[in-house]
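Let's walk through this structure together, starting with the overall picture and then stopping at a few individual places. Keep the 3D view open as you read.

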Amino acid sequence: MDFVAFETFSENDALPSPQPTLSLPLKSNIENLSAKFTNFKEFKNLLKNNLTEGRVEDNSESELADKYAKLSLQLLEDSSKESPNLQNDGIISEKSRSDALSIRLSRALNPNIGDTRMRELFTILESKIIDNPQLIDSGIDGSLARKKLRGEVETDLIKINSSHLSDYARPIRNLKYLGDRLHALEALVSETNSLLIGDSLATSDLRREKAQFMVEKTSINLKKALLVTFRQKFTLNEYEQFLLNSNEINADFFEALKRAEGINESCSVLLALDNPELGNKIMSKTSALINKANEKIITFCSKSLSNTHSFNNKERLSVLHLCLHQLKQKPDQLLVIINAFVQSRSSALLEDFNLQVSGHESMDLSNIDDSRPVYFSSHDPVRFTTDLLAYVHSSAANESEMISGLLKSEEYSSSTSDDVVNKIMVSLTNPIKAKIEEVITVEPKLSILYQIFNVLELYLVMFNKNMHARILSHSIEEGMELIRQKFKILLSSRLSAIQESNSAKLDLSSDLQPPEWIIEYYSDLLPIIDKMHTSTILGMSREGHEKFLELITDRPIEIFYEHLKSVSDSFNKREKMLFKLNFLDLIVSKIIPLSLLGDKMLEINHTINDLSHHLEEIQFQTLLSDCLLTDHYNVMNMICPVDEEFAEASLYSAVTESRLFQRDNILSLDEKIQSVIPSALLDIQSNLMKLNNPLIVNEIITSSSLRFLRFYKLLREVAQNYVDECSFTWSDYEVATLLGASQNDLIHN
């Protein structure tokens, strides 16, 4: 906006209009000032207030100044209203006059000013304004000061823009130089193109011939490649044919065989052609080579497997592995080879077994292993059985190791190797069974049979843990069962011989001691049973165990009773009972340490107790008979049982009716008792002197004496109560003392 000097302004003059903006399309930052200064309207109001409140120096000047200010404010308001239209017109004119250079200059000379930069600019402008207060003067001085400030700002702006444009001087020079070079290059390219066009026209025939030759070369190379590929895929070379026709088998042989089989498979493509004659010829030729190679493989496997010493040759063993791997693709042929091998190994193993267990006079011992032959132990059945089973166990381990090395685990499953070993070891089942049965059959001693049984039991556990020897466990179990039966047969036959033996019957002497045969019988049998730690004898079933116990206890007792019965005329009733007690007591003393015979011991103890009570009854009746008290005991027992605890003298008042309880009879009884009782204890002891068990003797003496004392006490009370002026001479305590009973026994009785 141009300013008019106040001195030259008159009332008739009109204010000049603002000059148009520069033609450069520079985006002014002034239009953003209104947004940054929100108090611009307040600034105008403040300006109005300052103008109205200003001091007027003189009337004429104040009126002129007032008019000047009003016109200025009105112009500002009009310009603010017309600014959108003017701006649109300016934009249209700018677009019409803008070009590429003006746009670049506008970007370079009028960049976007940020708040920080704006603050710096106003700080610089503030330094110019602060020292010049005349800028806000509405007079001539203020107008001049503002013009001057504007000139300074424009000068600074020109300097700044000049410094910016100077930075582009060198790039402009370089661009001009580059433009000259480009014009020269364009001229050179035009010249080169014209030369190339001329050369192309001159060599067109040569290029056509070359293209023809290249097509022919490609066709020839394709035919050559097809022929080479066909030869490689459908024919064998001379070396491969030589390998398949020769007798040598190695790794190259199997490579050639694999390639021949591949050619046969590939011939299916040739057979699908319209003329399959070529495919048939190739297949017939390769098939003949393959069949010949397979026959060589089968022959080699048969020879190698029949001779196990060849396994020590690593090279031959590796070739054998390759042959078996090749035959794995043909299960039928492989099965034939394996069966032949199993048969061969079974025969060899059986032959070696026979040599081990039987031997031969002309046998070369150097061909046998370093281990001691089994037949060397034939004089010792236990050692022979141990060596036999040890040999079988080692043979199973050797066969398993050999088969595992022959049939590699990565090519064959473990079940295949196990099946082959089991088939080989089955051949020893019957020979082992027969040899064990032979040893057991001829052995008559129970102790040796038990040792053999322990050996069989041990190796049964070992065989069950070995997968390949497990198949022979049945033979060992049959041998163990045979020993159990042999035990029963030996014991039964021995008892039968004793039963029929006259010497055994004559062995029942008057000393009433058990016969010698029962001692010998138990001396052979019971030490064996004492060594057993199983729940049943020899691991028998519960039923078999019970039957075997009968041979140990019941059967000998029956035989003894039968023998005693046969000589019953030689012994009285008491001696027979003492004989039985001594016999049963001997059996109990022998079997009491044996846990397996615990139940039988209880049964025999019950029998001993029954016999003891019976003998006690006999001794009691003997004592009554010696004292002439049998009839009195029977009469009182008819009235009320004498042995009952509730029996007392008041219950026997009816005895007065019997003649036995008269005064004379009682006095005679008293005399008889006084003559018998002093020697009664000695008589009882002499009667039981041949009874071996002192506990049973003491029990019989004590029990019979106490029964007699109880009856004597009751009889004495009855005589005192129901027989006039009659009483027994000895008191209860005196009779008890004479019979060897203590005072405590009498009190408890």
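The protein has 28 helices and 0 strands; helices (H or I, at least four residues) and strands (E, at least two) are DSSP runs, numbered from the N terminus. This is a predicted model, in which local features need pLDDT of at least 70 and side-chain atom pairs count only at pLDDT 80 or more, while totals for chains, interfaces and linings use all residues. Residues are numbered from 1 along each chain as its sequence is written, and side-chain values use heavy atoms, with hydrogens and water left out.

Of the 749 residues in the protein, 35% are buried. Here buried means under 20% relative accessible area, exposed over 50%, and partly exposed in between (1.4 Å probe, protein chains only). About 46,000 Å² of the protein is exposed, with carbon and sulfur atoms supplying 54% of that area; accessible areas come from the Shrake-Rupley method with a 1.4 Å probe, and for residues only the protein chains shown count as cover. Among contacts (heavy atoms within 4.5 Å) between residues at least 6 apart in sequence, 70% join residues at least 24 apart.

For a look at the interior, go to helix H26 (residues 694-722), where serine 704 lies. Serine 704 counts as buried because its relative accessible area is 1%. Leaving aside residues up to four places away in sequence, serine 704 touches Glu616, Gln619 and Phe620. Its side chain also reaches the backbone oxygen of isoleucine 701 at 3.1 Å.

Now turn to the surface and helix H7 (residues 169-202), which holds leucine 185. Leucine 185 is partly exposed, because its relative accessibility is 47%. Together with Leu175, Leu178, Leu182, Leu188 and Val189, Leu185 makes a nonpolar surface patch of about 560 Å².

Glutamate 500 is found in helix H18 (residues 473-500). With a relative accessible area of 61%, glutamate 500 is exposed. Although glutamate 500 and histidine 563 are 63 residues apart in sequence, they are 9.4 Å apart in space, C-alpha to C-alpha.

Our last stop is helix H22 (residues 573-591), whose 19 residues reach 27 Å from the first C-alpha to the last, close to the 27 Å expected at 1.5 Å a residue; the expected span is 1.5 Å times one less than the number of residues. At the start of H22, a side-chain oxygen of asparagine 572 comes to within 3.3 Å of the backbone nitrogen of arginine 574.

Technical notes:
Patches are made of residues with over 30% relative accessible area and no salt bridge: like charges are joined within 9 Å, nonpolar side chains (Val, Leu, Ile, Met, Phe, Trp, Tyr) within 5 Å. A salt bridge is a side-chain nitrogen of Lys or Arg within 4 Å of a carboxyl oxygen of Asp or Glu. A polar contact is a pair of N or O atoms within 3.5 Å; within protein, one must be able to donate a hydrogen and the other to accept it, and residues adjacent in sequence count only if both atoms are side-chain atoms.
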